[in-house]
Structure formats: structure tokens, C-alpha cells
Amino acid sequence: MAAGNNPERRTRKFSEVVTPRPIRTRSLTSRGVAPRQELGPLEQLLGVWTGRGTGWNMIALPFHKAPAPPAGFKFRVLMNQYDEELQFTFVDDDVPNRGLSRPSQPDFDQFVVTLDYQQKITQIAAEDRPSSGGLAGPVGLPIHHEPGLWLYEKNRRSTDDQIKGDAVSEVELDVARLASIPHGNSVLALGKSEVHHGMPPIPPISGLPSGRFEDVTTPDYDFRSATDPDPYFEPYRHYIDNPFMGNVTAPGFPGFSPADMNAILRFANQNVDIVRTTTLTVDSTRKSAGISNVPFSVREAEPVSMKSTFWIQELAEKDEQGNPKLRLQYSQVVMLHFFRPREDEFPERAVWPHISIATLDKLPAGYELVES
């Protein structure tokens with residue numbers, strides 16, 4: 001039996017688990033460590049970033065109670081708008097990976113910059129289609145917690161193929177991201193850093209499952225046909241015709257649409273004077289990277305890849321100390337395989353996107369986080 005007012009553990013939901021109260025507050029800007037010497041492209045991440053209603057998420061989920069075809073299929077599309085707190089703290093600027101010398105590499109060992117991060121996301125608006133009758137959850141629902149590490153390899157870097165059209169070249173991999181998710185997923189993604197004057201273009205991203213519809217701007221795909229639409233992707237067609245707006249009423253706001261899920265990021269950059277941008281792009285499909293999942297996820301909705309881009313923006317606007325204000329945007333795509341064995345007729349090669357985007361502001365130095 002449950003003790004007191006606590007629900008029985010086997011029936012508790014994630015949102016009902018009470019977080020233990022810390023003994024004291026934690027300072028995020030004074031760790032008592034030696035002066036940092038070289039953090040490379042990760043330097044500006046240090047500190048606390050927050051967004052209030054500036055995060056957006058779309059995911060397709062298995063849905064056992066979905067209406068029978070053609071009114072529905074065994075999935076639903078869930079849309080969320082969320083608040084976010086993202087903390088980065090210093091770990092080390094010279095983690096040694098021991099090794100042997102090579103003819104082209106005079107260094108014996110590799111040295112790695114390491115930052116710890118903690119991501120917490122709270123839902124402020126949500127809806128799903130077909131409607132699950134309340135599974136989308138209420139305002140204030142904790143929907144994501146992610147601890148992890150960002151790495152910058154200072155030397156002894158690896159390379160990987162980079163293919164653009166017919167051109168094949170090599171790219172040097174200098175950054176990595178490690179993530180752990182409470183659903184039972186562990187991610188290692190590798191990539192590269194770049195520095196740009198101003199803000200580089202943010203490319204459009206389709207939210208449709210790959211393998212069937214690759215270009216939503218082409219009008220002749222059957223799922224957009226007015227006379228004979230494909231019923232399987234009605235939820236996606238609905239959100240293309242009626243983008244998810246959350247609680248935003250700003251004029252010109254494009255909403256969150258599978259036609260281009262990065263449109264909100266470009267909207268957020270209007271009239272913002274961005275002087276310099278550091279870009280971190282990591283991908284779990286690069287060599288030696290990957291995702292490991294618990295057996296249930298592998299069977300029902302298996303994450304098979306993750307690619308994310310972080311844009312660390314230095315603004316012309318100054319803070320109270322006269323330093324440039326910093327802003328962070330990210331766009332992340334996780335691809336899922338559904339149902340093993342499959343219970344529908346969709347091609348086995350298709351993968352389903354889980355897309356998250358956000359715009360965050362960096363809090364001033366000296367901020368104290370008090371947990372309750």
C-alpha cells in the first residue's frame with residue numbers, strides 16, 4: 001500500500017515524482033576551480049540559459065487507442081510549447097586520453113575540454129492529433145530531463161567523409177555531445193564547430209516522415225491532394241494547414257508547422273543584430289557515434305539517429321557590464337523507427353521525426369539557482 005498521500009510507486013507518473021529538496025542553493029558561476037585556459041568553441045556556453053515559451057517540440061507517438069483507418073492509424077502527432085532551463089558547468093579543460101604516437105601525429109595523448117550540462121523542460125501548451133483525450137498533458141508538466149556532456153577535442157582529432165551533392169571531402173571532427181534520457185536512451189553524437197560573422201542561414205526542416213514525402217513545397221504529393229488525399233498522414237496535413245500556435249499571438253508569427261519547423265527560429269531573429277555566431281553541429285550517424293536504447297524502445301519506437309545544431313549568438317546589444325549579450329538557438333532532429341513487427345502498411349524504410357527547436361537567453365553572471 002502507498003504511504004501517506006504518496007501514490008503507489010507502480011502507478012506513479014513521471015510528473016508525480018517529488019524532487020528531493022537540496023540542502024542549500026547551488027551557485028552556477030563559482031565552482032572553486034582553477035582558472036580556465038582554453039575552452040575553444042564551448043567557452044560561451046558556460047552559465048545558465050533560459051527560455052519562456054520559446055521552445056517547440058513535435059513527435060509522432062504510437063497510439064493504441066487511435067481510431068480505425070481511414071479515420072486514424074496507430075500513431076498520433078504531439079505538439080508542445082515549452083519553457084526551458086539549460087545549465088552548462090565547467091568540468092575540465094585537459095581531460096587526457098592516453099595513446100601512442102603516429103607518424104603524422106607527434107602528440108602521444110589527446111586532451112579534451114569537457115562541460116557538463118543539465119536540461120529541464122516544462123510544458124506550457126500542448127495538443128495532439130488525433131486527440132488522445134488528455135494524454136498531451138496539462139500546463140506545467142515536466143516533459144524532459146537530460147544530463148550530458150559537451151566535449152571539444154583540442155588535438156589528435158578524427159576526420160569523417162562529408163558528402164554534398166556529387167562532391168566528397170573530409171571534415172575534421174572537433175566536438176561531441178553525450179546525452180542520457182530517462183526513457184532509456186544514451187546518445188553519442190560527433191561533429192564540428194564553426195565561427196561566422198553575423199548569423200548564418202537557418203535551413204528549412206521538413207517534419208514529415210522520410211522515405212515517402214521529401215519536399216512539402218511540391219504541390220503534387222498525394223497527401224496534399226484536395227481530391228484524393230492520403231489519409232495516413234492526415235495529422236501532418238492538419239498541422240501544415242493549421243500550424244500549432246501555442247500561446248503566441250504576435251503578428252506574423254508562423255506557428256510550428258511540419259512544412260518548415262525552423263521557421264520560428266528565423267522569425268525570432270528578425271530585427272536582432274547578431275554580430276558573431278559559433279555553430280556546433282553534431283550527428284549520431286558519424287563514425288563511432290550512435291544511440292543505445294532499452295529493449296522496449298527498440299520494439300515500439302526506436303530512436304535511430306540524432307542530429308542537432310546549436311547557434312551561440314553574440315549580439316550587438318550590451319549587458320550591464322558592457323559585454324555583448326549572448327543568445328542560443330538550437331534545432332534538433334531525432335528519427336524514430338515504429339512498431340516491430342509493423343502493424344500498418346507504411347514502408348519499412350520510413351523513419352519518423354521528433355523535432356525540437358528553441359531560442360534561449362543567457363542569464364547575467366552571478367545568477368543563483370534556488371531549487372525547491
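Begin by selecting helix H1, residues 234–241, in this predicted model: the helix is mostly covered, with 6 of its 8 residues buried. To see which residues these are, colour Pro-235, Tyr-236, Arg-237, His-238, Tyr-239 and Ile-240, the buried residues of H1.

With those residues still highlighted, add the strands that they pack against, namely S2 (47–62), S3 (75–97), S4 (110–129) and S14 (352–362). Viewed together, the helix and these four strands show what the buried residues of H1 pack against.

Next, move along the chain to helix H3, residues 295–300, and select Ser-297, which has its place in this helix. Is Ser-297 buried or exposed? Ser-297 counts as buried because its relative accessible area is 12%, which lies under the 20% cut-off for that class. Now show the residues in contact with Ser-297, leaving aside those within four places of it in sequence: they are His-183, Asn-185, Glu-302 and Pro-303.

Finally, clear the selection and look at the whole protein chain, in which there are 3 helices and 15 strands. The chain has 372 residues, and 45% of them count as buried. If you then turn on the surface, you are looking at an accessible area of about 20000 Å², of which 52% belongs to carbon and sulfur atoms. For a last view, display the contacts in the chain with a separation of 6 or more, and bear in mind that residues 24 or more positions apart account for 70% of them.

Note on methods:
Residues are numbered from 1 along each chain as its sequence is written. This is a predicted model: local features need pLDDT of at least 70, side-chain atom pairs count only at pLDDT 80 or more; totals for chains, interfaces and linings use all residues. Side-chain values use heavy atoms; hydrogens and water are left out. Helices (H or I, at least four residues) and strands (E, at least two) are DSSP runs, numbered from the N terminus. Buried means under 20% relative accessible area, exposed over 50%, partly exposed in between (1.4 Å probe, protein chains only). Contact means heavy atoms within 4.5 Å. Accessible areas come from the Shrake-Rupley method with a 1.4 Å probe; for residues, only the protein chains shown count as cover.
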